[in-house]
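Here is a friendly walk through one protein, strand by strand. Please keep the sequence and the 3D view open as you read.

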Amino acid sequence: MERMSNETSNFTLYAKADVQTGFEITTATGETIELDYPCRVYYVNITDETDSKYLIVKESIGNILEVNVKNDSGPNDLQQWRLVTKNSWFTYTLSNTLCQWAPLSYYFPRLILINSSEELEQNIKCAEGIYPKVDFSKYTLLWATGVNDYGVYYINTQLTKTGEKTYNFDVELLGKGTTALTPWIGKILVAKLPANAVVSLNVHIY
């Protein structure tokens, strides 16, 4: 997911359901790659482009092998792969502005789906200037907040489509190992979600 967060085109991401002990791919140059180690296999279909790619994640250490393919119709059994998401997601940041997210008034994790400029303004405070604008006719901003007991070193977010209008929003927190109440914010900007979308928040602390 961190790798795909740099992708600016719309794409559909699929995953093989289980760890693979062997897998074969034909590259864009016509070469065949045979993988003989346990790995997780993802297929990325990029919208409106002839290119696609496979992301091979080595099960033991998490290294990623990226294989680009051209004019590829996808795996023959793609209908059996798990659909991860059809949304491109982007980072929304207040860096380089005099704005900040509104202070937390609650301890337990909370998720807000922001679908308008008015809703966004309710959660941002600016000393002066303006915050980065969002075209809410095209995008939804998912904003999750909470407090961690052991500090926060790193935050990763992931949106997964689980049904026609249902999603999981996973927030992964890597703690610092010290006892310190630390507010956290996990957010992503995704292609517009349906008005009646149901998004479940899952917070994972490591």
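In what sense do strand β4 and β5 pair, and over how many bridges? Strand β4 covers residues 39–46, and its pairing with β5 is antiparallel, with seven bridges. Before going further, please keep in mind that this is a predicted model.

Let us stay with β5 for a moment, which spans residues 51–58. On its other pairing, β5 meets strand β6, residues 64–70, again in the antiparallel sense and over seven bridges. A good residue to look at here is K53. Facing K53 from β4 you will find V44, while in β6 the bridge partner of K53 is N68. If you follow the chain from β5 into β6, you pass through a hairpin with five residues between the two strands. In that turn sits G62, whose phi is positive, at about 80°.

Now turn to two residues of β5, D51 and S52. Are they buried or exposed? D51 has a relative accessibility of 27%, so it counts as partly exposed. S52, in contrast, is buried because its relative accessible area is 2%, and the cut-off for buried is under 20%. As background for such neighbours, in a regular strand the side chains alternate between the two faces of the sheet.

Each of these two residues has partners worth finding in the viewer. Setting aside residues up to four places away in sequence, D51 touches I46, V69 and K70. With K70 the C-alpha to C-alpha distance is 4.5 Å, although 19 residues separate D51 and K70 in sequence. For S52, look at the side chain: a polar contact of 3.3 Å joins it to the side chain of Y43. While you are in this region, you can also check C39, which is buried, since its relative accessibility is 0%.

Next, move along the chain to strand β12, residues 139–148. How many of its 10 residues are buried? Nine of them are, so β12 is mostly covered. Two pairings of this strand can be traced. Strand β10, residues 110–114, runs antiparallel to β12 and is joined to it by five bridges. Strand β15, residues 182–191, also pairs with β12 in the antiparallel sense, and here there are 10 bridges. L142 is a handy landmark in β12, as it stands opposite L113 and also opposite I188 in β15.

From there, go on to an open sheet of three strands. Which order do the strands take? The order is β13-β14-β16, and the pairing is mixed. At the edges lie β13 (154–161) and β16 (198–205), each of which pairs on one side only. Ignoring direction, neighbouring strands of this sheet are turned by 15° against each other on average. The parallel part of the mixed pattern can be seen where strand β14, residues 166–174, pairs with β16 over eight bridges. To line these two strands up in the viewer, pick E172, which stands opposite H204 in β16.

The covalent cross-link comes next. The structure holds one disulfide, and C99 and C126 are the cysteines it joins, with an S to S distance of 2.0 Å. This pair links distant parts of the chain: C99 belongs to strand β9 (residues 99–101) and C126 to strand β11 (residues 124–126), 27 residues apart. About the S-S bond the angle is 105°, and the link is right-handed. How are the two cysteines placed, buried or partly exposed? C99 has a relative accessible area of 9% and is therefore buried. For C126 the value is 32%, so this cysteine is partly exposed.

Finally, step back to the whole protein. Its secondary structure consists of one helix and 16 strands. Of its 206 residues, 38% count as buried. Among contacts between residues at least 6 apart in sequence, 65% join residues at least 24 apart. The protein exposes about 11,800 Å², and carbon and sulfur atoms supply 47% of that area.

Notes
Residues are numbered from 1 along each chain as its sequence is written. This is a predicted model: local features need pLDDT of at least 70, side-chain atom pairs count only at pLDDT 80 or more; totals for chains, interfaces and linings use all residues. Side-chain values use heavy atoms; hydrogens and water are left out. Helices (H or I, at least four residues) and strands (E, at least two) are DSSP runs, numbered from the N terminus. Buried means under 20% relative accessible area, exposed over 50%, partly exposed in between (1.4 Å probe, protein chains only). Contact means heavy atoms within 4.5 Å. Two strands pair if DSSP finds at least two bridges between them. A polar contact is a pair of N or O atoms within 3.5 Å; within protein, one must be able to donate a hydrogen and the other to accept it, and residues adjacent in sequence count only if both atoms are side-chain atoms. Axes are lines fitted to C-alpha atoms, for helices over the stretch in contact, and angles run from 0 to 180 degrees between N-to-C directions. Accessible areas come from the Shrake-Rupley method with a 1.4 Å probe; for residues, only the protein chains shown count as cover. A disulfide is a pair of cysteine sulfur atoms within 2.5 Å.
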